[in-house]
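Subject: Structure handover

Hello,

Here is the structure I promised to pass on to you. Please open it alongside this email, and my notes follow below.

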Amino acid sequence: MAMFNRCWTPFPFPKALFKKLRNVEPTLDDLEELIPAVGRKEFVDLYVNYVLNESVRKPFEDFMEGFRRGCPAESWKVFLPVELQVLLLGHTDYDWQLLKKNVTYVFYEESHQTIKNFWTVFYKLPEEKKKKFLAFLSGSDRIAPYGLEYFGFSIEDPFCQNPDHSYPFASTCSCTLFLPRYSSEEILEEKFLCAIEYSEGFGLL
């Protein structure tokens, strides 16, 4: 009626209503017009403080007490938060192309066909199976804090009497992969996948 009669009406409709009439997405500014406390920085700061501090105060105090008992020396305080996270949890950013940068070959040459076949098989694995290989080799699927480009391991020929009937195995303490001299890439892939998939019992501690 107001539009038809060209009259102005004092209805306190918010801007968000008119945006919705025109199918325009409302914003935080529109919400602030309706509920000013929600759009202020103070509200956000108080909410963050509640979620990350006040609501978890007692559990965090218990965690901190246990952490200090397990790590009484306070040298860890020299690290920034992100550095401390990497130090404790390891890297989760895997650049697999760097993995063979620091490999040592024992009783193998890098040019040997078995080694070429191994890297061909490895690089075509899906991400999760690459991580399984890392756990198979080192005991953990996490990367050490210094990064994958500095992760060193060995590939050694175990001199199996019947390589095609043997499985790869690993020494996690020395990060050594014992890789038989398989006669084909297909056999290597079959034995390698079986080893990393069912690695319990394969690793030599």
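To start with a side chain you may want to look up: does Lys124 count as buried, partly exposed or exposed? Lys124 has a relative accessibility of 47%, so it counts as partly exposed. Please keep in mind throughout that this is a predicted model.

Lys124 is also a good way into the salt bridges. Its side chain meets that of Glu189 in a salt bridge, with 3.5 Å from N to O. Lys124 sits in the loop between α6 (113-123) and α7 (127-138), while Glu189 belongs to helix α8 (residues 185-197), so this pair ties together parts that are 65 residues apart in sequence. Glu189 is partly exposed too, at a relative accessible area of 23%. Glu185 joins in as well: Lys124, Glu185 and Glu189 are linked in a network of salt bridges.

In total, the count comes to 11 salt bridges. Another of them pairs Lys19 with Asp30, whose closest N and O atoms are 2.9 Å apart. Here Lys19 lies in helix α1 (residues 15-21) and Asp30 in helix α2 (residues 28-34), so parts 11 residues apart in sequence are tied together. Asp30 is buried, since its relative accessible area is 4% and the cut-off for buried is under 20%. Then there is the salt bridge between Lys77 and Glu74, where the closest N and O atoms are 3.1 Å apart. Both ends of that bridge have some access: Lys77 is partly exposed at 46%, and Glu74 is partly exposed at 44%.

While you are at helix α2, have a look at Glu33, which lies in that helix. Glu33 is partly exposed, with a relative accessible area of 45%. Leaving aside neighbours within four places in sequence, Glu33 is in contact with Pro14 and Lys15. Between Glu33 and Pro14 there are 7.2 Å in space, C-alpha to C-alpha, although the two are 19 residues apart in sequence.

Now for the interior. The largest nonpolar core has 30 residues, and those touching the most other members are Leu99, Phe118, Trp119, Phe133, Phe153 and Ile155. Two or more residues each come from β1 (103-106), α6, α7, β2 (153-156) and α8. The largest share, 5 residues, is given by α6. If you would like one residue to centre your view on, try Phe153: setting aside neighbours within four places in sequence, its contacts are Leu99, Asn102, Val103, Thr104, Trp119, Phe133, Leu137 and Cys175.

The surface has a nonpolar feature of its own. Phe43, Val44, Tyr47, Val48, Tyr50, Val51 and Leu52 form a patch there, with about 680 Å² of accessible area together. One of these, Val51, is found in helix α3 (residues 41-52). Val51 is partly exposed, at a relative accessible area of 32%.

Finally, there is one item from a record. Which residue does UniProt list for "active site"? The unreviewed entry lists Cys173. In the model, Cys173 is placed in the loop between β3 (169-171) and β4 (176-178). With a relative accessible area of 61%, Cys173 is exposed, because the cut-off for exposed is over 50%.

Happy to talk any of this through once you have had a look.

Best wishes

Technical notes
Residues are numbered from 1 along each chain as its sequence is written. This is a predicted model: local features need pLDDT of at least 70, side-chain atom pairs count only at pLDDT 80 or more; totals for chains, interfaces and linings use all residues. Side-chain values use heavy atoms; hydrogens and water are left out. A salt bridge is a side-chain nitrogen of Lys or Arg within 4 Å of a carboxyl oxygen of Asp or Glu. Helices (H or I, at least four residues) and strands (E, at least two) are DSSP runs, numbered from the N terminus. Buried means under 20% relative accessible area, exposed over 50%, partly exposed in between (1.4 Å probe, protein chains only). A nonpolar core is a set of buried Ala, Val, Leu, Ile, Met, Phe, Trp, Tyr and Cys residues joined through side-chain atoms within 4.5 Å. Contact means heavy atoms within 4.5 Å. Patches are made of residues with over 30% relative accessible area and no salt bridge: like charges are joined within 9 Å, nonpolar side chains (Val, Leu, Ile, Met, Phe, Trp, Tyr) within 5 Å. Accessible areas come from the Shrake-Rupley method with a 1.4 Å probe; for residues, only the protein chains shown count as cover. UniProt positions are given in the numbering used here, feature names are shortened, and annotations may be inferred rather than shown by experiment.
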